[in-house]
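Here's a quick briefing to keep beside you while you turn the model around on screen. We'll start with one helix and its two ends, then move out to the surface and the whole chain.

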Amino acid sequence: MMLKASLHTHTLEDKMDGYIIKYNVYQLIDRAAFFGFKVLGLTCHKKFVYREDYVSYAASRGILLLLGIELNMRKKIKRNDLLVLNVDPKEAKAVESINTFEKLSAYKSRHPEIFVLAPHPLADRRFSMGKKKFIKNMNLFDCVEHCWYYTRRLINPNKKTRKITSQYNKPFVATSDTHFLKYFNTDYILVEAERQEPASFFEAIRRGAFTNVTNPKKFYQLVWYALHFQFKKIIFLPLKLNHRRKYK
């Protein structure tokens, strides 16, 4: 069966970026159902966002909700972002506490059911792990993200990422890294899996049974996104502080 999937999304419940996001988990699920998605990864920053009702609501809309988290394994001022999907809610605190590649590797050896995605590994010096860490920890990653933030010529971190990823024979999957719904349906994967359940879905990705659907953005779109994102972070600092207290 063909499953349309988005593996990297954020909602207003996100501890870090939620204060600039206008939609909640239920609204994201509704949008996913509208566009025909069958698998959706919920990957908010730092804190495992979960309610039992999220899973049942997604199921009622025909969607398999993969619970996850985007870890910010910070070293000094630099982040080394990593996505962990298929997290057991009972293990939320344990996963939230992971702050190094070594700890994640040890956790994965005890919990092989999780699925680790390397997001935007070469896209930005602030929150991307960079080439050295990317290559060093390649065995930890089940797949690598094809970053949505690119143009046809001027901006495209995916070129270098694709080259390295192919050398290590890792799946290179398109995601939207959703913060604004206008970009939710632009970058995703179509996965040919036997069943609509985690093990079958991840196995299909690992063996390359998927197709990326992705489109280069216009330069002005990326400029607007960057300015809009940074403007809100500066102007709405008080809102940011209140939001983090609410979702701590």
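Helix 7 covers residues 198-206, and its buried residues are Ser200, Phe201, Phe202, Ala204 and Ile205. Bear in mind that this is a predicted model.

**The ends of helix 7**
- At the N-terminal end, glutamate 197 acts as the cap: one of its side-chain oxygens sits 3.2 Å from the backbone nitrogen of alanine 199.
- Just past the helix comes glycine 208, with a positive phi of about 80°.

**A nonpolar patch on the surface**
- Four residues, Leu154, Phe219, Val223 and Leu227, make a nonpolar surface patch of about 410 Å².
- Leucine 227 belongs to helix 8, which runs over residues 219-235.
- Is leucine 227 buried or exposed? It counts as exposed because its relative accessibility is 57%, and the cut-off for exposed is over 50%.
- A general point on helices: an α-helix has 3.6 residues a turn, so residues three or four places apart point the same way.

**The chain as a whole**
- The chain has nine helices and nine strands.
- Its radius of gyration is 17 Å, close to the 18 Å that the globule rule gives for 248 residues, so the chain is as compact as a globular protein of that length.
- The C-alpha trace spans about 45 × 40 × 35 Å along its principal axes.
- Buried residues make up 51% of the 248.
- Take the contacts between residues at least 6 apart in sequence: 72% of them join residues at least 24 apart.
- The accessible surface adds up to about 12,300 Å², and carbon and sulfur atoms account for 55% of it.

Note on methods. Residues numbered from 1 in each chain as written. Predicted model: local features only at pLDDT ≥ 70, side-chain atom pairs only at ≥ 80, totals over all residues. Heavy atoms only, no water. Buried < 20%, exposed > 50% of the residue type's maximum accessible area, 1.4 Å probe, protein only. Helix = DSSP H or I, 4+ residues; strand = E, 2+ residues; numbered from the N terminus. Polar contact = N/O pair within 3.5 Å; in protein donor to acceptor, adjacent residues only side chain to side chain. Patch = residues over 30% accessible without salt bridge, like charges linked within 9 Å, V, L, I, M, F, W, Y side chains within 5 Å. Areas by Shrake-Rupley, 256 points an atom, 1.4 Å probe, with all protein chains shown as cover. Salt bridge = Lys/Arg side-chain N within 4 Å of Asp/Glu carboxyl O. Rg over C-alpha atoms; globule rule 2.2 N^0.38 Å. Contact = heavy atoms within 4.5 Å.
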